[in-house]
Amino acid sequence: MFKKFGLFLLTLVVWGTASAASLSTSSISPAMIQQFQNMSTSQQQALAQQYGIDLSSLTGGSSGSSSSGASSQGVQQTQSSVLQQRQLNQQMLQQQQSQNTDNGTDKPKRFGMNLFDADVSMFAPVDTASVPDDYVVGPNDVIDLILYGKESQEQSLTVSRDGTINLPDLGPIKVGGLTFGEVKKVVKAKVKDEMIGQSVAISLSTMRNISVFVAGEAKYPGSYSLPALTTVTQALFVAGGVSDIGSLRHIVIKRGGKTVRHFDLYDLLLKGDASDDIRLQSGDVVFIPPYTGLAEVKGEVRRPALYELNKNDTLGDLLAMAGGADSDAYPQSSVLERINGQNLRDIQNVNLTNKKALDEKVRGGDVLRVGATSDQATNAIVLAGAVVRPGKYAWHQGMHVNDLIRSLWGDLRLSADLDYALVIRQVNALGDIQVHQFQLGNAVTKPSSKDNLTLQPKDIVLVFNYDDDNINRKDLNDYITQDLQPVLTASSDQRWLTGDLMSNGFQYIQDNNDKKKQDVNSVAGMNIDDAATAKQQQDAANQMTTQKTQQLADGTVVTTNTTSGSSDTGLSQDEQQSTLSDEVNHLLSNIYTDPKLIALTPEMKRQELLYPVMAKLNAQARNGAPLQVVSITGDVKVPGKYPLSVNGDITGLVKAAGGLSASAYYGRAELTRAKGNNKDLNGITVTHKAIDLENAMKGGNDNVALVSRDNLNIFATPDWQVDRTVEIRGEVRFPGSYTIHRGETLHDVIQRAGGVTQYAFVDGAVFTRKQVQEREQIQVNKLIEQLRSTVATRALSSNTTTISYQDATNMIGELQNIKPVGRLVIDLPDILSGDKAADMQAEDGDILYIPRKTTTISVVGEVQYASSHRFKKGLNVEDYLNLSGGFRKRADESRVYVIRADGSVMIPNQSHSWFTSNDDSQLKPGDTIVVPLDTEYQDNLKTWSSVTSIIYQSAVALAAISSL
């Protein structure tokens, strides 16, 4: 005990507070103060002197005895110490709970224990409460008398040890043992009889303190000095409540060695019954025994927790303690876990709606688990898609589509497809589905038609938008953005969460599925060594780091390494795409069950709405069952894969794809069908059948029934494209866009444009074509992949390399930024002269640039100063190179070449040191001299020569175009 108080007093010294008295009583429990006060005076003085503490701060104010010096100050100090001790206890409890959380424990909480975690000032006894008439007056109570009438005076009389008060002029009056109401009657009668003309008002200004002992499984057992109006619950609260094994239901109050009351705290907590919460008297003992048994209730109840049991408690009582079952509970299939006679846990099903089950006795250690009801409604129909009010609706016997959708204008969105809608129906207990297709317009306007299908419970009715490109998807994308916020770090750059997130995520899902198929095919044809090498190269490319140098304001240079493929935003591009696709996949998988997601289905495209249907059809194609999926390609509005509906035919498949495009050819389509099954030794054979599409759309013989995995290809009408255009720019009399027909030549288009002007530089014409541009882009992409593979391979090599990864990535970055022009070299002078061999047929998207006459020669590449010079007849390549300052150190002098104004390339005659009389090697106005980079200087990466060629040729072409 000396050590405890020593540590306490030492804490006061370290704190250096101005009021040691205040802190001394607020830092230890009342039990410790009581024990300190029970020490001898010499012991108290020695302890206080040792730590330099004023003894009055510990001895003054609150006493465990009922001495005549008891006052409101003592009560307030007691309450202050209890308050501070409660706060300290609460901090310790929070720390313990935090440690349990860190250790991964998730134990159920015991009901009622949190009552004692509240602020003590909310429940502690106070001496300012009104005194009830049944309060028994005793020694040290202070009674205030106000005499008025003939004379006025006030008297404060303390009840003495013998239970009397001494009233001047009247003598002693016996009040001890009387209730406060009886005291008032006795004193008033005494004054009335013996003091003529006087009246008296009586109040109790100060109540005595009582000594109560809290024993047993209290959190802080001991003797407490409390106000006389203290009840059992208040005493429990001051003692910190019960311990972890203490009982809340069998609290015993003993007085004079006899039990005067049994207190069940559950009566107060669950029923509000405080009849047993009696006021304590001095010398009372509040005894808390250990609990006899606990049972846990979890699951779908209002108050899951551990509950203390009485001897005769039943399952019904236990369920009532937990507040009863929730509204979404399924009590008919609850589970009771119980320890049997062999100390093993048994599990039994109980129906909590059955009275016999509710009357079963509960045992200690029982665990009652109340399950949740299913999210699936037995009589619900889901309406989703382009409707005004998507959601779940009640099914009734004989219900049809027009009972669910009554009006085309009032129930459907303006974008609804009236020719194609689906009913998704469960056909067995396994949840397998069947798809029924119908025309929504006929179902609503013609109730007697076959399209007005009879609905069944659990059906899903899907209505699609006829135009996927003009859907307002703001709410859908806002939902995705909001749902992704918790997974983003605080420093993440969220600019990637823009645009049509739903389309981006869904496209990534589709691309990823296609990539998985390609990877499987690639791995099937790859040997082990090739696969290992490819994996090493990919890992090296992913782990390659880039040095990023930054100079600070003080001149310090800081270099940081950034992993290739990562970003400073916290998520790499692959991680962003993966995160978005996971969110979209989760959303699409629940669009028919989650009410919030059903409300977003009007903003979804056709293939997105069908995603869970297609996934289910793929999953149920098991054990040889045919895959109920067909596909359509070609000139339809939404080509792709679609569910094979019951009695599905060609007309239905065309409607599923949104109908035919305007350019579709009605004379012929092609149906591809796979014949055979998994049992055939010869495997699957593919057949092609020509279909008269017009006949099929009219319901003729060509409208054949479809089977699993059929593919219908719709052709485009030959020469349908009448808007083929060629653009003529620059020095022609009438520049602009010209519509062409098949077979029309470039010469013909130039003549339609009025021919060239007198200022035209026909030798420098730039002609671009889409097909050439596409091929160039493919070549650039291949070159980029080749460069990345080369860099990754060198990173794995043990040979020392002089090229840095920074240089490699810079060159790759330049390539990625290049947009191929698609220039095709033509001989415009010969075309204008009518040479049929030089002329060519014009194609849609062709662009012809005819610049003004130019008299300059450009020098680019590895020269000291790249610039343009005025053309002077007689000067050769070497002369113009000297005008540009000569070669740089990294120039490849042996590979200098000239790009002609018409796009052709001329290699100067090296044997004559670029001096020659051949006209073909002479420079002409508009030519560009290119000095490439020495690839040997760049560590023998030969692909750099291809890189520089592409860059310079593209730059020359763009320069010619920009000069117009």
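**Why is it called that?**

Colleague: F734 lies in the loop between β28 (725-730) and β29 (736-739). Is F734 buried or exposed, and what makes you say that?

Modeller: Here's the scale: buried is under 20% relative accessible area, exposed is over 50%, and partly exposed is in between (1.4 Å probe, protein chains only). F734 has 53% relative accessibility, so F734 counts as exposed. Keep in mind that this is a predicted model, where local features need pLDDT of at least 70 and side-chain atom pairs count only at pLDDT 80 or more, while totals for chains, interfaces and linings use all residues. Residues are numbered from 1 along each chain as its sequence is written, and side-chain values use heavy atoms, with hydrogens and water left out.

Colleague: Which residues is F734 in contact with, leaving aside its neighbours within four places in sequence?

Modeller: A753 and G754. Contact means heavy atoms within 4.5 Å. As for T757, which is 23 residues along the chain from F734, the two C-alpha atoms are separated by 9.7 Å.

Colleague: Let's go to N477 in helix α14 (residues 474-484). What is the relative accessible area of N477, and is it buried or exposed?

Modeller: The value is 10%, so with the cut-off at under 20%, N477 is buried. Beyond four places in sequence, N477 is in contact with G499, D500, L501 and M502.

Colleague: What makes a stretch a helix or a strand here?

Modeller: Both are DSSP runs, numbered from the N terminus: helices are H or I with at least four residues, strands are E with at least two. By that count the chain has 27 helices and 36 strands.

Colleague: What span does helix α7 (residues 180-194) reach, set against the span expected?

Modeller: The expected span is 1.5 Å times one less than the number of residues. With 15 residues, α7 reaches 21 Å from its first C-alpha to its last, close to the 21 Å expected.

Colleague: Why do the buried residues of α7 line one face of the helix?

Modeller: Those residues are F180, G181, V183, V187 and V191. The arc is that of the directions from the helix axis to the C-beta atoms. For α7 the buried residues fall within 155°, so they line one face. K185, K192 and D193, on the other side, are exposed. Cover for the buried residues includes β1 (142-149), β3 (164-167) and β5 (198-206).

Colleague: And α17 (residues 573-589)? Which of its residues are buried?

Modeller: Q576, L580, S581, E583, V584, L587 and L588. Their arc is only 160° around the axis, which puts them on the same side of α17.

Colleague: How do you know that strands β18 (residues 416-426) and β19 (residues 433-438) pair, and in what sense do they run?

Modeller: Two strands pair if DSSP finds at least two bridges between them. Six bridges join β18 to β19, which run antiparallel. One partnership is R425 with Q434 in β19. The hairpin has six residues between the strands, and G431 there takes a positive phi near 90°.

Colleague: Which strands stand at the edges of the open sheet β33-β32-β36-β34-β35?

Modeller: The sheet has five strands and mixed pairing. At the edges are β33 (867-870) and β35 (905-906), each with a single partner strand, so one side of each is left without a neighbour in the sheet. The partner pair β32 (residues 856-861) and β33 is antiparallel, over four bridges, with V859 opposite S867 in β33.

Colleague: What is the mean pLDDT of the chain, and where does pLDDT stay under 50?

Modeller: pLDDT is the predictor's confidence in each residue, from 0 to 100. The mean is 79, and 74% of the residues reach 70 or more. pLDDT stays under 50 over residues 1-29, for which the model has 49 contacts beyond four places in sequence. Residues 540-569 are also below 50, with 48 contacts beyond near neighbours in sequence. Where pLDDT is low, the predicted coordinates should not be read in detail.

Colleague: How many residues of the chain count as buried, as a percentage?

Modeller: Of the 964 residues, 41%. Among contacts between residues at least 6 apart in sequence, 64% join residues at least 24 apart.
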